[in-house]
Amino acid sequence: WCSNLRHEGVAPALRSVIEVTTHVTNSGSLKRCVPVLTRPLHGSVGTPHCYFNYALQRFPLRYHTRSAVRLQHSRLASMMTTTVTPTLPTTTTTPSTIPPSPRCAFGTDTHPYLQDYPTALHALGTLQSNAEAIDSWIQARGADKQSLHLEDMHHYLTLLRSDVSRLPVVHVTGTKGKGSTCAFVESILRRGYGLKTGLYTSPNLVHVRERIKINGKSIDEETFNHHFWRCWNTLQAANTGPFPPVPTYFRFLTLMAFQVFASEEVDVAVVEVGVGGRTDSTNVVLPIVAGIATLGYDHCNVLGPTLSDIAYEKSGIFKAGRVAVTSPQSEEPMTKLKERAEQLQVSKFLVTQPFSNYVDASTNKTPRLGLDGTFQRLNASLAISLCDQLFIAAANNGSLTKEEAESQTLPTISRALQAVANRRCAEIEAQSIHSHNNGRNDDNNNNSNDLQESAATALPAEYVRGLSECKWPCRAHTIPVYGGSLFLYLDGAHNNESMLECATWYDTTAPTASDSSTSPKKSVKRALLFNCNKNRNAQQMLRIITEAQLHFDYILFSTFATATSPTPPDLSWQTSNAELWTQLQEPQQHQQQQAGSVTKETTTTDSKLGEIRLLGSIGEALGALKDISETKHEEVHVLITGSLYLVGGTLKVLIDNNTIPESVLDL
């Protein structure tokens with residue numbers, strides 16, 4: 001029935017099911033019906049699952065008596081618009097009762113073999129995408145710019161009986177560095193102090209389970225499946241109110257993450273904002289401390305055209321009576337952040353101090369960071385401040401009675417977090433006294449309303465370990481593959497500010513032709529593998545790479561596909577980017593080229609321009625780079641950037657080919 005559905009339509013497939021049940025009933029061998037009906041459900045996920053689940057949802061099969069089976073296939077037969085015969089008809093008629101879209105295919109079905117992990121992934125894929133949700137958000141915000149547009153999230157949380165106000169949360173937003181900041185915070189709490197952590201970030205690189213981590217590891221398929229269907233079935237069964245039965249893709253995963261964190265009883269949940277902050281689905285929490293990483297221009301169609309507009313949206317995660325911390329910002333967004341902090345009545349608004357002010361208490365030297373790139377110092381400094389403020393707030397909460405904590409809607413502080421917080425606060429107080437006795441006044445470090453943080457600069461071993469052992473895949477991430485013949489430099493930079501930092505990191509990390517290779521018989525070459533979403537400014541990002549003068553020998557433009565398609569890929573976007581690259585490298589040479597000169601075949605130019613290739617998939621691109629290294633006996637250092645989808649797809653190809661272990665995704 002599965003192949004029949006793919007090639008002939010829905011109705012013949014359901015007739016196939018009827019014919020099977022008819023045959024089984026007549027033969028008297030009811031148990032044969034079970035493997036026939038369930039085996040395809042554990043294979044690949046596709047449209048057949050959707051319609052078959054729909055049929056079983058409406059007409060649940062029961063394997064008890066012959067009459068029951070006859071009853072079920074007679075009900076299925078009533079859905080057909082043509083007469084059911086023992087042999088499958090050649091005509092294909094789709095009954096009007098079959099849903100026109102997979103979006104309607106899943107309900108409150110209670111059959112355990114239907115609610116498996118592949119089916120959960122397919123059901124998740126039927127929800128409104130992030131792009132569609134953003135378009136809807138823009139329209140809603142145009143009508144009402146003051147509303148939080150979070151009424152649906154509170155509705156769903158009520159249905160799920162999820163009280164996120166008690167969840168101990170560190171909430172982080174920003175334009176660049178918010179993910180890395182979350183990784184630093186999580187690493188300090190888990191590696192440094194042994195606390196049980198939950199981490200919610202987006203997007204994922206290889207599989208959706210990466211978005212929800214417990215103790216630095218993605219939740220497994222069983223855990224994902226359990227919480228997915230619990231949320232899905234509960235919401236579908238309720239199906240009340242003015243909102244859709246199930247929310248959009250990102251909102252659903254956010255609800256699910258909160259369910260996982262509550263079930264796992266994490267000591268601290270570190271939550272990264274998806275887009276913006278004020279109206280983001282994560283903004284239903286009451287964080288112990290909220291942080292803002294470096295702000296810049298991104299998602300301007302959603303957040304607004306100016307840095308002040310963007311700061312307004314990002315600062316929406318500030319909460320009354322709670323601490324807010326920000327990295328240093330330029331004047332325009334900083335002015336707006338201060339204004340919003342006052343309006344929202346935060347308890348403290350702090351600006352982080354330079355990372356160079358921090359020293360390892362045991363060595364009196366600047367701590368080493370586990371993440372490459374000088375820009376990570378800003379993120380590490382923010383993470384240190386967030387952890388300090390978390391511990392201070394937790395220690396203060398611990399001094400309150402249960403009734404006082406409940407009356408103030410304070411988060412639940414675990415015994416483990418309370419013990420760590422008390423210890424860290426004692427250290428901060430001792431160092432503060434020491435600084436005061438030595439005549440040091442940290443309050444003078446800031447000239448604006450006493451906003452500069454005055455935390456002690458000597459970091460204990462727990463902080464140093466968390467910072468030095470931190471991991472964050474595909475952000476300034478180097479991976480040697482194929483026996484060291486290829487070195488991949490992965491960075492998901494996708495805006496101008498991040499691309500500038502990425503180019504600087506690569507230039508200072510990757511060797512040049514004048515440097516010695518790891519093998520004395522191989523010459524060193526540089527390569528670029530680039531792609532970005534069409535809604536991004538590819539010209540600006542390529543210009544930044546060009547102006548950094550990285551001198552690539554090979555330039556590859558690939559699609560986001562991980563494997564070769566059976567049909568010829570559309571390379572129009574890659575062709576456009578290749579032409580932009582040529583213009584930026586050699587303007588005069590580009591004017592002499594005829595239109596359409598860049599093709600899928602290798603384009604060889606002079607040594608300054610490099611060799612340009614267009615590839616239909618990431619797998620083809622990596623294969624081409626491997627062939628170059630092997631046939632030309634070169635050690636190739638490849639910068640892969642432009643999009644998290646590109647670097648994530650690269651990891652997927654390498655993991656699927658067993659080139660690298662899946663544990664590379666763990667923190």
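## Exercises on two sheets and a helix pair

The crossing of helices α19 and α20 is right-handed, meaning that the near helix is turned clockwise from the far one by less than a right angle. The model is predicted, so local features need pLDDT of at least 70 and side-chain atom pairs pLDDT 80 or more, while totals for chains, interfaces and linings use all residues. Residues are numbered from 1 along each chain as its sequence is written, and side-chain values use heavy atoms, without hydrogens and water.

**Exercise 1.** Find at what angle α19 and α20 pack, and which residues make the contact.

*Solution.* Helices (H or I, at least four residues) and strands (E, at least two) are DSSP runs, numbered from the N terminus. Axes are lines fitted to C-alpha atoms, for helices over the stretch in contact, and angles run from 0 to 180 degrees between N-to-C directions. The angle of α19 and α20 is about 25 degrees, with the axes 9 Å apart. The two helices are therefore roughly parallel, since angles under 35 degrees count as such. The contact (heavy atoms within 4.5 Å) is made by N496, M499 and L500 of α19 and Q540, M541, I544 and I545 of α20.

**Exercise 2.** Determine which residues of α20 are buried and what covers them.

*Solution.* Buried means under 20% relative accessible area, with a 1.4 Å probe and protein chains only. In α20 (residues 538-547), A538, M541, L542, I544, I545 and T546 are buried. Their cover includes α19 (496-509), β13 (523-530), β14 (554-558), α21 (572-585) and β16 (634-641). Just after α20, Q549 has a positive phi of about 55 degrees.

**Exercise 3.** Give the strand order of the six-stranded open sheet and place α19 on this sheet.

*Solution.* Two strands pair if DSSP finds at least two bridges between them. The order is β11-β12-β16-β13-β14-β15, with mixed pairing. At the edges are β11 (477-481) and β15 (611-615), each paired on one side only. β14 and β15 pair in the parallel sense over five bridges, and L556 has R613 of β15 as its bridge partner. α19 lies across β11, β12 (486-491), β13 and β16, at about 165 degrees to β16.

**Exercise 4.** Write down the order of the eight-stranded open sheet and find the bridge partner of L199.

*Solution.* The order is β4-β3-β2-β5-β1-β6-β7-β8, again with mixed pairing. Strands β2 (residues 197-200) and β5 (residues 268-272) pair in the parallel sense over four bridges. The partner of L199 is V270 in β5.

Conventions. Buried < 20%, exposed > 50% of the residue type's maximum accessible area, 1.4 Å probe, protein only. Parallel < 35°, antiparallel > 145°, perpendicular 65-115°, else oblique.
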